[in-house]
Structures are given as C-alpha cells and as structure tokens.
Amino acid sequence: MKNLVERVCNKIIRRTQWYDRYWNGVQKFWYLNRFNLDVVNLGSNSGKYAFDYEGLPVSGMNWAIGPQSLVHDFNILKNYFSYLKAGATVIISLCPFSSLASKYTKMTNLKYYTFLHPATILDFDEKERIKALKIKQSPIREMPLFCIKHTVKEVVKYFVHKPSPACDMEKNAATFIDSWKKQFGIEDLDAPLSGQHCKEQENRIQVLKEMIVFCRERDLKPVLVIPPVHPSLRKRLSAHCRENYIYSFVRKANVQHVPFLDYMDDERFNDDKCFLNSFFMSKEGAKMFTKTILEDLKIS
C-alpha cells in the first residue's frame with residue numbers, strides 16, 4: 001500500500017509545472033525516443049523560449065536549457081548527437097553574453113546528473129549525482145514537504161486564477177541589463193573588455209570552434225543564431241557592446257564560416273505579443289521565429 005501511494009504521488013508531482021521548473025525542463029531528455037531528427041537547437045534561456053517546432057513540417061527538438069553555458073551546450077551535443085540524422089542542422093543559439101564564463105550553483109547543476117554521462121559533467125560530484133538520481137526516482141520520498149507545499153500551491157493557483165499583469169518591457173529590460181552586469185562583473189557595457197573577460201572569451205572561442213568541428217566531423221550542419229529580443233532591450237545593447245561581446249567573438253570562433261544569422265534587430269518581431277518579457281519570446285513569437293528561421297535555412 002505504501003509503495004502504491006508513493007507511485008501515485010510521484011505520478012501527480014511529475015505532471016506539475018513546478019516540478020518541470022525544478023529540473024529546468026530536462027525531462028525531455030529522460031525519455032528521449034525520437035531519432036533521425038532534422039534539426040535541433042541548443043542554447044540558454046533565450047533559445048529555450050525562442051524555438052517551437054510543434055506543427056511545423058520538420059522533425060525538430062528544442063534542446064536548450066536555462067540557464068546554460070556553451071560548455072553545457074557542447075556536452076549535451078556530445079551525449080545526444082546520435083539522435084540526429086545525417087545532414088541534420090544544429091542551431092547553436094547565442095545570448096548577448098555567451099562569450100563569457102558563467103558559474104552556477106550546485107542546485108543549478110543538479111539537473112545534469114539526471115541525463116548526461118558523468119564524464120561530461122562539469123565539477124562532477126558523486127554525492128550530487130546520487131542526490132539527483134534519488135530525487136528523479138522518487139521526489140515524494142526524498143523531499144516530501146517541498147513536494148506537498150509546491151503541489152498544493154499550484155492546485156490553489158489553478159482554481160483561484162489571477163491574470164498575470166502585463167510585463168513592463170522597459171523596466172524588465174533595465175532589470176536584465178543590471179542582472180547581466182552583476183553576473184559577469186561588468187561596470188560599463190560600452191567599455192573595452194577587461195583582461196579577465198578577454199581570457200574568458202578566448203576559452204569560449206575555443207569551445208565554439210570545437211563545437212563546429214564536432215558537427216562537421218559527424219555530417220551535421222552547425223548554424224550560429226542570435227534570436228530576436230524586444231526593442232526595449234535591444235536599444236540598451238549598443239553597437240560597442242555588441243561588437244565587444246558578440247560580433248568579435250563570433251568572427252574569431254567562426255573560422256570555418258558556418259552560417260551566422262542575427263535576428264536581434266529583426267523588426268518582424270517588434271510586437272509585444274511576440275515576447276513574455278524583454279528577452280524571452282512568447283509561444284506565439286517562438287512559432288513565428290522558428291518558422292522564419294527554418295525558411296531562411298531552407299529546412300523543410
């Protein structure tokens with residue numbers, strides 16, 4: 001009886017939105033059984049929200065997870081490239097600061113233990129691996145109070161639904177800029193890169209070069225992409241900022257001259273309806289953008 005109750009509780013928990021957020025959406029890799037994919041995209045949060053292949057005439061999957069660095073992108077590709085068909089397209093979705101190093105907490109890294117080979121996990125910790133796998137197997141057993149609290153909260157929210165206020169795009173854009181400056185230790189986005197940032201960028205250049213070579217050696221077609229951002233955020237990323245953190249980085253890494261598609265200033269996606277906030281695209285925006293990029297790449 002106890003085992004039956006546990007199984008039922010776990011089944012309910014795994015269907016909740018909070019549990020999906022807890023693992024940052026990595027469940028799509030837990031039961032992956034789609035082979036011969038035509039196209040996949042990697043990336044962090046912007047890629048996670050910018051791509052949606054549902055209903056389109058291709059076999060595609062969104063492999064982005066947020067937050068996530070280029071190194072994590074590469075490790076996912078190493079683990080799952082065999083699910084792609086020969087000649088498939090790998091969209092490497094870049095954020096404004098993909099060229100810099102990101103440090104994540106143990107909690108943020110916990111998800112990787114559930115679907116990546118241990119040899120490809122940064123700062124591998126056996127205790128963390130055991131913890132992650134136990135939670136994956138039975139969340140109600142490993143963190144009962146946490147599960148009950150969040151599940152009840154979600155049920156209450158479902159029945160006492162309050163409409164979400166419209167996002168103040170200008171305020172949200174300023175928040176993103178402040179957050180990035182704090183995260184990466186940047187005082188002035190328009191100033192030349194610091195010595196530390198130059199070192200970080202050199203490391204990321206090497207990672208991106210290796211990703212491109214990895215794809216080419218396996219008959220895959222890598223494409224570098226910058227998804228659209230809302231005009232309120234776009235205007236805060238000056239030409240100097242973009243050159244320092246995006247374009248110079250891409251030029252140095254893209255020595256094999258793979259396609260580079262920059263949609264940051266694409267006015268087709270200026271409408272507020274295309275975005276959840278100033279950086280993340282809405283489902284409607286993702287549908288529009290994914291259709292657009294597949295047409296631009298002639299993938300059908």
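**Entry 1: ground rules**

I take helices as DSSP runs of H or I with at least four residues, and strands as DSSP runs of E with at least two, numbered from the N terminus. The model I have open is predicted, so I keep in mind that local features need pLDDT of at least 70 and side-chain atom pairs pLDDT 80 or more, while totals for chains, interfaces and linings use all residues. Residues are numbered from 1 along each chain as its sequence is written, and side-chain values rest on heavy atoms, with hydrogens and water left out.

**Entry 2: the largest pocket**

I went to the pockets next (on a 1 Å grid over the protein atoms alone, open sets of points where a 1.4 Å probe fits, with protein on both sides within 12 Å along at least five of seven lines; lining residues have an atom within 4 Å of a point). The largest pocket holds about 940 Å³ of space, a volume being the space filled by probe spheres on the joined grid points.

I found 25 residues in the lining of this pocket, and Q17, W18, D20, R21 and Y49 are the ones nearest its centre. Which helices supply at least two residues each? I noted α2 (17-22), α3 (27-30), α4 (45-50), α9 and α14 (283-296). Helix α9 gives the largest share of this lining, with 5 residues.

For chemistry I sorted the lining into nonpolar (Ala, Val, Leu, Ile, Met, Phe, Trp, Tyr, Cys and Pro), charged (Asp, Glu, Lys and Arg) and polar (the others, Gly among them). The largest pocket comes out as 8 nonpolar, 8 polar and 9 charged residues.

**Entry 3: the second largest pocket**

I read off about 340 Å³ for the second largest pocket. Its lining has 23 residues, with S44, C95, W180, Q183 and F184 closest to the centre. Helices α4, α5 (70-80) and α10 (169-184) each put at least two residues into this lining. Helix α10 supplies the largest share, 5 residues. I sorted this lining too, into 12 nonpolar, 10 polar and 1 charged.

I like having the two linings side by side in my notes: α4 is on the list for the largest pocket, and α4 is also on the list for the second largest. The charged count is 9 in the largest pocket and 1 in the second largest.

**Entry 4: salt bridges**

I then listed salt bridges (a side-chain nitrogen of Lys or Arg within 4 Å of a carboxyl oxygen of Asp or Glu). How many salt bridges does this rule give? The count comes to 16.

For exposure I use relative accessible area with a 1.4 Å probe and protein chains only: under 20% is buried, over 50% is exposed, and in between is partly exposed.

I looked up R129 and E126 as one pair, whose closest N and O atoms are 2.8 Å apart. Both residues sit in helix α7 (residues 126-137), 3 residues apart, about one turn of the helix. R129 is partly exposed because its relative accessibility is 26%, and E126 is partly exposed at 36%.

My next pair was E170 and K235, whose side chains meet at 3.0 Å, N to O. E170 belongs to helix α10 and K235 to the loop between α12 (231-234) and α13 (239-253), so this salt bridge ties together parts 65 residues apart in sequence. E170 is partly exposed at 35%, whereas K235 is exposed at 57%.

I also checked E217 and R218, which form a salt bridge at 3.6 Å, N to O. E217 is exposed at 62%, while R218 is partly exposed at 32%. I then found D52, E54, K283 and K287 joined into one network by salt bridges that share partners.

**Entry 5: backbone oddments**

Which peptide bond did I note as cis? The bond from G66 to P67 is cis, with omega near -10 degrees. P67 is in the loop between β2 (60-62) and α5.

I also jotted down positive phi values. N24, a residue other than glycine, has phi near 55 degrees, and N24 sits in the loop between α2 and α3. H257, not a glycine either, has a positive phi of about 55 degrees, and H257 is placed in the loop between α13 and β5 (260-262).

Is each of these buried or exposed? N24 counts as buried because its relative accessibility is 19%. H257 counts as exposed because its relative accessibility is 66%.

**Entry 6: a last look at α9**

I went back to helix α9, which spans residues 144-159 and includes V152. V152 has 46% relative accessibility, so V152 counts as partly exposed.
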